[in-house]
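Visitor: I am new to this structure. Please take me through one part of it closely.

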Amino acid sequence: MTVRKGNRLGISIQEHMAINVCPGPIRPIRQISAYFPRGDGEGGGGAGRCLLSPLLPGAAGGGGSLSAMSSMDTSIEIDSCDSDDNTSLGTLEFDLLYEKATSSLHCTVLRAKGLKPMDFNGLADPYVKLHLLPGACKANKLKTKIVRNTLNPVWNETLTYCGITEEDMYRKTLRVSVCDEDKLTHNEFIGESRVALRRVKPDQTKHFNICLEHPPPLPSPTAMSTALRGISCYLREFLPPNARGGLCVGVKRCAHLAAMDVNGFSDPYVKTYLKPDVQKKSKHKTAVIKKTLNPEFNEEFFYEISFTELASKTLEVTVWDYDLGKSNDFIGGVSFGCQSQGDALQHWIDCLKNKGQKVERWHTLTNELPGSTVQE
């Protein structure tokens, strides 16, 4: 920029509002005085009256070089700060296997390597948590044992989800997260990875060796869908010795039930009815399993009834949450009979066709049963 004596100096707005344009994020100017000469003011020479810009290399005065050095130092600081976010959190190895016959998803957590130190001694007490997304976290959380004082833990532990349908394998995602246990304060998050279950083929073990990542931003509450609620039961129509014959109903387990209590769990039990039930003698009830969303019942009930009568009956299976001192909460149910639809109807037909054989299926619970008024 050339300045002639007697001419008024013209400076563009860009030079007045000079900013750091070095590679990287734009940072505000710390001191605007660094862009102006520190001379004697208006009484000085032409160079003293010249406003310097860091955009002009080799400009007279020390302001430009000071600004250039300041810009270089700031860039290094940004790179060093950002490099911490890019630091490896470690790697995790695990296997996934989906057994179609049993509707089970097995996750074998093998080992982790090079985890980020979380404790004052430079080590960590890591463990692995599994969640199925979307869904309620407490309803489907599985957890490995804790390995003390190591950044390279070995678990070799298999965690199993029951009641996983082919539809679940197509639309759900498995969240695998590594955390550090801290007895004095809350546990600390190390890193996670998410695997779309559609990548796992039925009855084929798939091996994963992944780098842990920071969690993505949390979605809004409206984007979270409700948890899957399912029940595993079997039907068996058979003729015991010296008896009229009848229907055997087995209730094995439930998975991913809705949390009905303030503690994030439920106290579930199962009831069965064979309707129409004029004398109201067909009610059977399992034991109550406390504080769980994945109860194991393994109970069996028998209805003495002929095959011709069974064809006109409807079996109603409902799941409830037990509450002491007040009415119990309805969680969901499923009905089997000729008026049913989908998997429930097919289960009922298979039972009637295969006398004496145990026909087991998983079923998704519904809030309302067709043609039935749900009452405790």
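Which residues in the largest nonpolar core touch the most other members?

Guide: Keep in mind that this is a predicted model. The residues you ask about are Leu 92, Phe 94, Leu 96, Val 128, Leu 130 and Leu 174. The core they belong to has 31 residues. Several strands feed this core, each with at least two residues: E1 (91-99), E2 (104-113), E3 (126-133), E5 (154-162), E6 (173-180), E7 (188-196) and E8 (206-211).

Take Leu 92 as an example. Setting aside residues up to four places away in sequence, Leu 92 touches Val 109, Arg 111 and Ala 112, among others. Its partners also include Val 128, Trp 155, Val 176 and Val 178. Further along the sequence, Leu 92 meets Phe 208, Asn 209, Ile 210 and Leu 212. In soluble globular proteins, nonpolar side chains tend to be buried together.

A separate core lies apart from this one. That other core has 26 residues, including Leu 247, Val 251, Tyr 303 and Val 334.

Now to a polar residue. Asp 321 sits in strand E14, which covers residues 314-321. Asp 321 counts as buried because its relative accessibility is 0%, and buried means under 20%. What surrounds it? Leaving out neighbours within four places in sequence, Asp 321 is in contact with Met 260, Asp 261, Ser 266, Asp 267, Pro 268 and Tyr 269, and also with Asn 328, Asp 329 and Ile 331.

Two of those partners deserve a closer look. Tyr 269 is 52 residues from Asp 321 in sequence, yet their C-alpha atoms are 6.5 Å apart. With Asp 267, the link is polar: a polar atom of the Asp 321 side chain lies 2.6 Å from the backbone nitrogen of Asp 267.

Next, move to Asp 323. This residue is in the loop between E14 and strand E15 (329-336). Asp 323 has a relative accessible area of 10%, so it is buried. Beyond four places in sequence, Asp 323 touches Asp 261, Asn 328 and Asp 329. Asp 321 also contacts Asp 261, Asn 328 and Asp 329.

Finally, step back to the whole chain. It has 5 helices and 16 strands. Of its 376 residues, 40% are buried. Among contacts with a separation of 6 or more, 64% join residues 24 or more positions apart. The chain exposes about 21500 Å², and carbon and sulfur atoms supply 52% of that area.

Terms used. Residues numbered from 1 in each chain as written. Predicted model: local features only at pLDDT ≥ 70, side-chain atom pairs only at ≥ 80, totals over all residues. Heavy atoms only, no water. Helix = DSSP H or I, 4+ residues; strand = E, 2+ residues; numbered from the N terminus. Buried < 20%, exposed > 50% of the residue type's maximum accessible area, 1.4 Å probe, protein only. Contact = heavy atoms within 4.5 Å. Polar contact = N/O pair within 3.5 Å; in protein donor to acceptor, adjacent residues only side chain to side chain. Areas by Shrake-Rupley, 256 points an atom, 1.4 Å probe, with all protein chains shown as cover. Core = buried A, V, L, I, M, F, W, Y, C linked by side-chain atoms within 4.5 Å.
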